[in-house]
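Hi everyone, thanks for making time for this one. I'd like to walk you through a model, so please have the viewer open and follow along.

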Amino acid sequence: MMNKSKVKTILVVCLVVVCGVLWLFWGNTEQKVVNSENAFVIDQDDPSSTEVPAGETEKKIYVHIVGAVKKPGVYTFGKEPRVIEVIRAAGGFTKQAVRSSVNQAELVGDGVQLVIESKKDSKAKKVEKGDQESSGKINLNAASKEELMTLPGIGESKAMAILSYRDTNGRFQKIEDVMNITGIKNGVFDKIKDYIQV
C-alpha cells in the first residue's frame, strides 16, 4: 500500500496536468475568438496580395476594352485601374491606334467599356462631323453624348444608350435603326427624325 506522501504527490501531479489542459483549452479558444474578429485572408503564394477581412470577398473591377488594342476583351482588376493599366492588360496599342484621343491617366470604374479609336475610325468621324455641320443635323454615327442630348426627347440615359448601341453594333445604316434602342420608338422617332442623319 502506498504511503500518504506518494498519494499526495500523485494528486498534485494530476491536478497540475488537469489545470494545464484546461488552461491550454480555454487559452486557445479565447485566442480564436480574438483572431476571428480581426482576421484577414492573405494569399501566402502571392506576396503582392492585399489583406481582405475574413468573410469578405475581394471586389473585382470588370473592364471591357475594344478597338485598336492587340487583345480586346474583358479584364478584371482588384481595384479601379487607370486607362494605361487596362491598355497594358490588353497587350498595348496597335499601330493604328489614335493615342492622342486617349486619357491614359483616367481611372476606370466597374463595367466600363473603353473604345480605343483607330486612325480609320477617326477619319470617318471627321467626315461625318463635316457633313453634320454643313447639314445642321446630328449624325448618329459621330455625335457625342452632349450633342445627342440636344435632340427633342433625348435625355442623358437615351443618349448613353445610343452611344452604347453604336459601340456594340457598329454604324447606324439608316436613321430608323435608332428605334432598335430600348425607349426610342415611333413617338420619340417622330420628334427627332428631322434633326438626325447617318
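Let's start with Ile 65, which stands opposite Gly 73 in β4. Keep in mind as we go that this is a predicted model. If you move along to Ile 61, you'll find Phe 77 of β4 opposite that residue. Both of these pairs belong to the partnership between β3, residues 61-67, and β4, which is antiparallel and runs over five bridges. The two strands are joined by a hairpin, with five residues making the link.

While we're at that link, have a look at Lys 71, which sits in the loop between β3 and β4. Is Lys 71 buried or exposed? With a relative accessible area of 53%, Lys 71 counts as exposed, because the cut-off for that class is over 50%. There is also a through-space relation to point out here: Lys 71 and Ile 87 are 16 residues apart in sequence, and their C-alpha atoms are 9.0 Å apart in space.

Now over to the other partner of β3. As a reminder, strands of a sheet pair through backbone hydrogen bonds, in either a parallel or an antiparallel way. With β5, the pairing of β3 is parallel, again over five bridges. One residue to click on is Val 63, whose bridge partner in β5 is Val 112.

Put those pieces together and you get an open sheet of three strands, ordered β4-β3-β5, with mixed pairing. Which strands stand at the edges? They are β4, residues 73-77, and β5, residues 112-116; each has a single partner strand, so one side of each is left without a neighbour in the sheet. From one strand to the next, the twist averages 30°.

Let's zoom out for a moment. The protein chain has six helices and seven strands. Reading from the N terminus, the elements go α-β-β-β-β-α-β-α-β-α-α-α-β. Of the 198 residues in the chain, 26% count as buried. The accessible surface is about 13800 Å², and carbon and sulfur atoms account for 56% of that. As for contacts with a separation of 6 or more, 39% of them involve residues 24 or more positions apart.

On to the inside. The largest nonpolar core has 18 residues, and those touching the most other members are Leu 148, Leu 151, Ile 154, Ile 162, Val 178, Ile 184 and Ile 196. Two helices, α5 (156-169) and α6 (186-192), each supply at least two residues of this core. And there is a second, separate core of 17 residues, with Val 86, Ala 97, Leu 114 and Ile 116 among them.

Let me pick out Leu 151. What does Leu 151 touch, leaving aside residues up to four places away in sequence? The list is Ile 138, Ile 192, Tyr 195 and Ile 196.

Last stop, the aromatics. A pair of aromatic rings is described by how far apart the centres are and by the angle of the planes. By the rule used here, the count comes to one aromatic pair. That pair is Tyr 165 with Phe 172, at 5.2 Å centre to centre and 25° between the planes. Why call the pair stacked? Because 25° falls under the 30 degrees that sets the limit for stacking. Phe 172 also has a relative accessible area of 1%, so this residue is buried.

That's my tour, and I'm happy to go back to any of the views. Thanks, everyone!

Notes:
Residues are numbered from 1 along each chain as its sequence is written. This is a predicted model: local features need pLDDT of at least 70, side-chain atom pairs count only at pLDDT 80 or more; totals for chains, interfaces and linings use all residues. Side-chain values use heavy atoms; hydrogens and water are left out. A nonpolar core is a set of buried Ala, Val, Leu, Ile, Met, Phe, Trp, Tyr and Cys residues joined through side-chain atoms within 4.5 Å. Buried means under 20% relative accessible area, exposed over 50%, partly exposed in between (1.4 Å probe, protein chains only). Helices (H or I, at least four residues) and strands (E, at least two) are DSSP runs, numbered from the N terminus. Contact means heavy atoms within 4.5 Å. Rings of Phe, Tyr and Trp (its six-membered ring) pair if their centres lie within 6.5 Å; planes under 30 degrees apart count as stacked, over 60 as edge-to-face and the rest as tilted. Two strands pair if DSSP finds at least two bridges between them. Axes are lines fitted to C-alpha atoms, for helices over the stretch in contact, and angles run from 0 to 180 degrees between N-to-C directions. Accessible areas come from the Shrake-Rupley method with a 1.4 Å probe; for residues, only the protein chains shown count as cover.
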